[in-house]
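Visitor: I would like a close look at a single part of this model, namely the place where its chains meet. Please take me through it slowly, in connected prose.

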Amino acid sequence: MRLPRFDYLKPDTLKAALELLALHKDDAKILAGGTDLLVRMKNGLLNPKVVISLKALNELSYIKKQAGYIKIGARTSLADIIASDLIQKEAKALFQACEKVGAITIQHYRGTIGGNILQDNRCQYYNQSDFHRSGHQACHKAGGKICYAREEADRCNSTCQSDGATALMALGAQIILAGKDGERTVDLADFYTTDGIMPHACESHELLKEIIIPVLGAHSAYQRLAYRSAIDYPIVCAGVLLKPSPENEIEDARIVVGAIGRSPLFLAKASASLKGKRFTDMTAFKKAADDSMNASAPFAVHNVGATLEYRCAMVSRMVFQALEQAAFSAAKE
Amino acid sequence: MEKIQIVLDINDKPCEVMIYPNDTLLEVLRDELDLTGSKESCGEGVCGSCTIQMDGKPVRSCLTLAMEAVGTKIKTVEGLANGNELSDLQQSFIDHGAVQCGFCTPGMLMTADALLKDNPRPDDKTIRKALAGNICRCTGYAKIITAVAHTGNPQDHCPDCKIGSKAKE
């Protein structure tokens, strides 16, 4: 498969990159690892006039701890995140999520954390070759008025299958978006728009610069289900965070389910039900997992291969396993 | 759109090529430089048959722009052997019958070679995990894993194995 034609630009500084982005706006796409962008371009889903490569921007590749926060540069490769002791210790869910993206020796050296959380939503009816899509009418995401995943849907129901986003949302991460005229900090939970066509609120002149994870002294875990672990995107995934109180009870909990809806789903009610519970209370975990399943099932559509019933049933399993694992690492301390 | 002249460092040799910005590294290797060892199969980073090494790390050349490879050290399957003398890993693949149709072999070799450099004596689980991104259509995985394990650790892995001892002598 050949790529469509474009101009290749490689700015040397962040400032130059932002100026180029402000100049070209919608005509430009950012290239970091290329494992998501180039596939979509090959499939004819995107046809940017200009590709701006971040290859020379080593200033965006770092992991550091600063004043109670872990700060990760957006162009940090997945391999660097996995290799970091800091992430393994303080943000286990992110470590587990990055480890499970693609094949361990291949995508990890090219793929970046920024690219992972900015990846486009996917759908088995949309993410196909030109030839495949030419066989039927355009869906919402391709500019038409049909949804093949859910009959009579008035909007696109593509699924956010990012591993990193689910884990980071559970960790309560924030991101910094840089533009030519300044920066803004956004909670990752507010960043996703739940719109299948424009899944996140990154403006065309903005560049994801940094990811900030608060260090809460909490225990986190991530679980994912995919057909072929090293190749496929998840069909269900769950990230959880459990924060212990001084009495060693659960003071705060966050349950996020991914690869089910148009964005990762933070399940407030199921999370709140765990407050004040003990780390050994498996009945509470089971109930929270079932609540998560019931709350997220209405968002699921049949568009990633597995049957809908199976995927929904596995939400409960994934959430429970993640809770169990987070509680286990709490017990170890 | 015009062609651009770039210099790529491939198998320790500088190669001057004229390319379009939208050429992938795989297309340049195969079509411009006649290094047809790396294969294109899926073209979207799933199968691993186009795997090459960039600065010692395995990457998919079908998802790497040739422009992005400027300034890095590229190694393809053609660079594994030393002249006519095959590398231990290549010899082990032949000796253990790890090649059937051979289409996945260049990718398998490049991934395994990078693994053995990081971890000279990997166990089976590590090998399986490392090769998880390379698909073999003939499903000859068991022999491929044996071949890699044998290269790293011939004594412990198969003590009675006579395979490969000839090549060593």
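**The side of chain B that touches chain A**

Guide: In this predicted model, 27 residues of chain B are in contact with 25 residues of chain A. On the chain B side of this contact, strand S4 (57-60), helix H3 (105-118) and helix H4 (124-130) each supply at least two residues, and the largest share, four residues, comes from S4(B). Sorted by class, the side of chain B that touches chain A has 13 nonpolar, nine polar and five charged residues.

To place these elements within their chain, it helps to turn to the domains. The domain assignment of chain B gives domain 1 (4-79) and domain 2 (88-162), and the centres of these two domains, taken over C-alpha atoms, are separated by 23 Å. The two domains also touch one another, with 15 residues of domain 1 of chain B in contact with 12 residues of domain 2 of chain B. Strand S4 of chain B, which supplies residues to the side that touches chain A, appears here again, since the elements that give two or more residues to the side of domain 1 that touches domain 2 are strand S3 (51-54) and S4 of chain B. Of the elements on that side, S3(B) gives the most, with three residues. By class, the residues of domain 1 of chain B that touch domain 2 of chain B divide into five nonpolar, eight polar and two charged.

Methods:
Residues numbered from 1 in each chain as written. Chains lettered and ligands numbered in written order. Predicted model: local features only at pLDDT ≥ 70, side-chain atom pairs only at ≥ 80, totals over all residues. Contact = placed C-beta atoms within 7 Å. Nonpolar A, V, L, I, M, F, W, Y, C, P; charged D, E, K, R; others polar. Domains from an automatic or database assignment.
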